[in-house]
Every structure is written in C-alpha cells, then in structure tokens.
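Trainee: Could we go through this one together? I would like to know what stands behind the terms we use.

Mentor: Happily; have a look first, then ask away.

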Amino acid sequence: MASQQSVHKATLKGSIEKFLDPTKIGTWNIVRRPPIENGAVIQGKPRQQGSNAFKTHQQKEGTRLRKALNAITHGKNIFVYHNIRTNQVVYSLTRYLEKNNVLRQLVYHGKKTVPATLRKDMWVPYFSVHFTDFRVGLRAYQLLREFSIQRQLDPPREMITMTEEWLDQKRPRDPNEVEKFDEEYADKVGWIMKKKDRARAVMDQKATSVADISAVLAIQEQEIKDGFGGEYSRGYLSRTARRRRREAWKKNAAKSEEQANRVAEFEGALSTDQVTYKIQESDAAVTTKEKGTLSPEDPVKILWTDVHNARYAESWPARVLHGELELTRDHVMPGAKPAYDTEVLADKVFKEKKTETAAEPATA
C-alpha cells in the first residue's frame, strides 16, 4: 500500500495540485459510487460491473467513503434547512440532507405533520454556522436540537394563543366567509388555538431557530469560561472509567487511520498525470486552529441565504461574523458568496465592510 502510494506520488511529481472541499463532494456520483476495477474479487469471486454483487459492494464502499469524508470536518459546521411550506427547521452536520436525520427531528403534531419520506424539493438552505473547534460545534448542535424539541413539546403559551394580529392574518378574503369567521372568533382573543392551528404555529421555527443559535453562542461563551472542553483530571474518573476511555481512544485512533487511508486512496483514484487532487477543509469556513484550550473569543461565522433573517435575534455575541451564502438552485447547501471573495459582509454590529460593490459603509 505504502509502496504504491510512493510510486503514485513520484509519477505525479510536477503536476498541478487542486484542493477539494470534503463537505461539498459528498453528493458527487463518483463518491456515491467510487471507481472499482471490473473483475474485482467480491465475496470470494471476481465480479463484473453489471452484477448485483458488484453494484451492492460499490454502494457500500460509497457509504464508507462519505463517512470518511464527513469525519474530516465533523462537528465544525452546522447546516440549517427550512421547509418552504411549514417553515419547519432541521439541523445537519453534513452539507446535504440525510433522510433518517431529518425525519428523526420532526415531531408529530397531528395528522400529516410528519412526512412519510424526505422530499428534498421542499427543504431549502437557511443558514450555516462554522466553528474553529469540533467540540464547540457538536455542543452547539446538541443545544439547538434540545431547544427545538423542548419548544415543540412544551410551547410557550404566547406562541399558541390567539391574538388580534393572528386573527387578521387568518381572516378569509372571501366576503361571504368573513361574517361567519367574525362570528366564530368574535370573543376568542386570548384563547388557545385549535389543534390544527396550534400545530402549524409550533412547527413554524424559522424565527425561533435564529434566536436559538444566538442564545446558544452566548451560552457557550460562559461554558468555555467555566472550563468546557478541558481534559478530565484523574480525580474525576474511576479506574474503570479511565480504562474504558483509553480503549475508546484506541478504537477512535484505529478508525481515524482507516478513514484517512480510504480518503488517500480516493485522492489517488481521482488524480491524473496532470492534476493531483487533495481533499482538505475549505478556506471559506473559519480557519481551524491548533488543538488546545478553547477561548470565548474564538470566531464563529454564520452564512445566510438572506442576511436580514439575522434580525430575528435580539443581539449577537461580539465574536460572530455574518456573511452571505451563494445563490443556488440545488437543494444542497452552497458555500460563501464568491462575489465577496469569501469575506464576511458584516461584522458584529452589522457595519457593512467596504467592498467593490459598496462604496460607502452603512449601518444596517
């Protein structure tokens, strides 16, 4: 294996190097069905490309390769999607949506509130959050999921209470139906909504999800100050717990090595005599720092499809940088808008930066 890689590097010496973002290539056909030689030995026999055994093996190898690619940036990015019909919001650690992950986040609120399967044409990118350390990202992902579930299972009373504004929005346009509607809801201001209306109100998380990420980042600042992410001291764990932790570390190290070899083999399969492909983190995300102690001042970048949605939050921590996502017709989360050379559009208190398209800064 090592000798083959060294020979491959020697033949590619002097070629052009190109870098691929592991978060963006997971949906490529060549990743989902990686190249396997025709006649490769599968299940003890040489198989042809048209056989079922060959196709099944190729699909399984594609799943393993996607997991290896996701492990490179696991926890450093959170991708948020919303439903264009119900305004439901789901969180993903991968740039593309996975069926089981999405359906697991949807809470049953009544008939036809949870779809039977994932319709990708109904889910569009909302915003993405990028961290410098995977521990902070995974903790933020956990808190976001908890806040979402808690709000749906035990919604605040003001969220499911009828108000004058809500009645004005619900009032029908048909003049023949307006009188009937007014008679039914004449004295219902302050009452709890009906089950169907209550379900739609609770499912609408487009505004609350933005407030949640703002609150989570503020909470994490205090957690980091209190020592979150530090190594456990010897006195906190028993002998059995320390032994289990060492065994877990060994398993993780072996798994990481296996995934790294899989990615290296894929790089070799993609590379040619003219171009050498390398898979690494994108420069559009926040620059990854060296592993060590966490700091409350570590920057966090948030990229929006519409930066005005950031106003759903009352305030943002000073370390948050806001940018804009590239426009796309695909359901896969795009990267940073290239017109601004991956620079953020606004920082902290939303003072716009000077760019080629904006001559004078203005306070948003």
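Mentor: Let's begin with a cut-off: a residue is called buried when its relative accessible area is under 20%. By that rule, 39% of the 364 residues in this protein are buried. Do keep in mind that the model is predicted.

Trainee: Good to know. Why is Asp133 called buried?

Mentor: Its relative accessible area is 5%, and the limit is under 20%, so Asp133 counts as buried. Asp133 sits in the loop between E6 and H5. Setting aside neighbours within four places in sequence, Asp133 is in contact with Gly75, Lys76 and Leu294.

Trainee: What makes the approach of Asp133 to Arg135 a polar contact?

Mentor: A side-chain oxygen of Asp133 comes within 2.8 Å of the backbone nitrogen of Arg135, at the start of H5. The cut-off for such an N or O pair is 3.5 Å, with one atom able to donate a hydrogen and the other to accept it. A backbone nitrogen facing a side-chain oxygen at that distance therefore qualifies.

Trainee: How do you know that the length of H5 agrees with its number of residues?

Mentor: The expected span is 1.5 Å times one less than the number of residues. For the 20 residues of H5 that gives 28 Å, and the end C-alpha atoms lie 29 Å apart, so the two agree.

Trainee: And what covers the buried residues of H5?

Mentor: The cover includes E4, E5, helix H4 (99-105), H8 and H9. Among the buried residues of H5 are Val136, Ala140, Leu143 and Leu144, but also Arg135, Arg151 and Gln152. Looking from the other side, H5 (134-153) and H6 (164-170) are among the helices that cover the buried residues of H8. In H8 (residues 195-203), those are Asp197, Ala199, Ala201, Val202 and Met203.

Trainee: What makes a group of residues a nonpolar core?

Mentor: Its members are buried residues of nonpolar kinds, such as Ile, Phe and Trp, joined through side-chain atoms within 4.5 Å. The largest one here has 27 residues, and Ile78, Phe127, Ile302 and Trp316 touch the most other members. Elements giving two or more residues to this core include E4 (77-83), E6 (123-130), H9 (206-225) and E8 (300-304). Apart from it lies another core, of 13 residues, including Val102, Leu106, Leu118 and Met333.

Trainee: Which residues does Ile302 contact, beyond its neighbours within four places in sequence?

Mentor: Among them are Phe127, Val129, Ile213, Leu217, Trp316 and Val320.

Note on methods:
Residues numbered from 1 in each chain as written. Predicted model: local features only at pLDDT ≥ 70, side-chain atom pairs only at ≥ 80, totals over all residues. Heavy atoms only, no water. Buried < 20%, exposed > 50% of the residue type's maximum accessible area, 1.4 Å probe, protein only. Helix = DSSP H or I, 4+ residues; strand = E, 2+ residues; numbered from the N terminus. Contact = heavy atoms within 4.5 Å.
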